[in-house]
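Open the model in your viewer and keep the selection tool ready. We will go from one residue out to its helix, then to the whole chain.

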Amino acid sequence: MDDAVPETPAPAEEEAAHEAYDPAAPAPLNVPRTPTGDADVDAALDRLGDADHLATDGHLEVYEDVHRGLRDALTALDVRPGPPAPPSPPGPRS
């Protein structure tokens with residue numbers, strides 16, 4: 001029979017293990033981002049991943065940057081030329 005007393009962690013080891021977990025530390029949400037096929041939109045959505053590594057007070061800058069990028073992508077849709085307009089009907093002859 002073994003009467004050995006189980007080892008208890010040294011106070012320094014116990015403290016180090018406790019410090020390793022910080023519930024307030026940044027943690028990735030691992031939210032999947034499905035590619036849209038639009039390079040500008042996909043780049044903006046990929047930028048959201050940067051917030052995973054920042055403290056909460058750094059999220060605002062990322063969100064504003066993503067919002068700006070998505071707004072610019074939508075604005076660019078209005079600038080792109082569409083199909084040619086149909087010809088105007090002939091006016092009255094003088």
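Select Asp42 first: it sits in helix H2, residues 39-47. Helices are DSSP runs of H or I with at least four residues, numbered from the N terminus. This is a predicted model: local features need pLDDT of at least 70, side-chain atom pairs count only at pLDDT 80 or more, and totals for chains, interfaces and linings use all residues. Residues are numbered from 1 along each chain as its sequence is written, and side-chain values use heavy atoms, with hydrogens and water left out.

Stay on Asp42. Is Asp42 buried or exposed? Asp42 is buried (under 20% relative accessible area; exposed is over 50%, with a 1.4 Å probe and protein chains only). Asp42 has no salt bridge (a side-chain nitrogen of Lys or Arg within 4 Å of a carboxyl oxygen of Asp or Glu). Now show Arg33, the nearest side chain of opposite charge, 9.0 Å away.

Next, select all of H2. Its buried residues are Val41, Asp42 and Ala44. They lie on the same side of H2, because they cover an arc of only 160° around the axis (taken from the directions from the helix axis to the C-beta atoms). Turn to the other side of H2: Ala39 and Asp46 are exposed there. Add H3, which is part of what covers the buried residues of H2.

Go to the start of H2. A side-chain oxygen of Asp38 comes within 3.0 Å of the backbone nitrogen of Asp40.

Last, colour by pLDDT, the predictor's confidence in each residue from 0 to 100. The protein's mean is 80. Among its elements, helix H1 (residues 11-20) has the lowest mean, 60, and helix H3 (residues 59-79) the highest, 92.

Conventions
Helices (H or I, at least four residues) and strands (E, at least two) are DSSP runs, numbered from the N terminus. Lys and Arg count as positive and Asp and Glu as negative; His and the chain ends are not counted. Contact means heavy atoms within 4.5 Å. A polar contact is a pair of N or O atoms within 3.5 Å; within protein, one must be able to donate a hydrogen and the other to accept it, and residues adjacent in sequence count only if both atoms are side-chain atoms.
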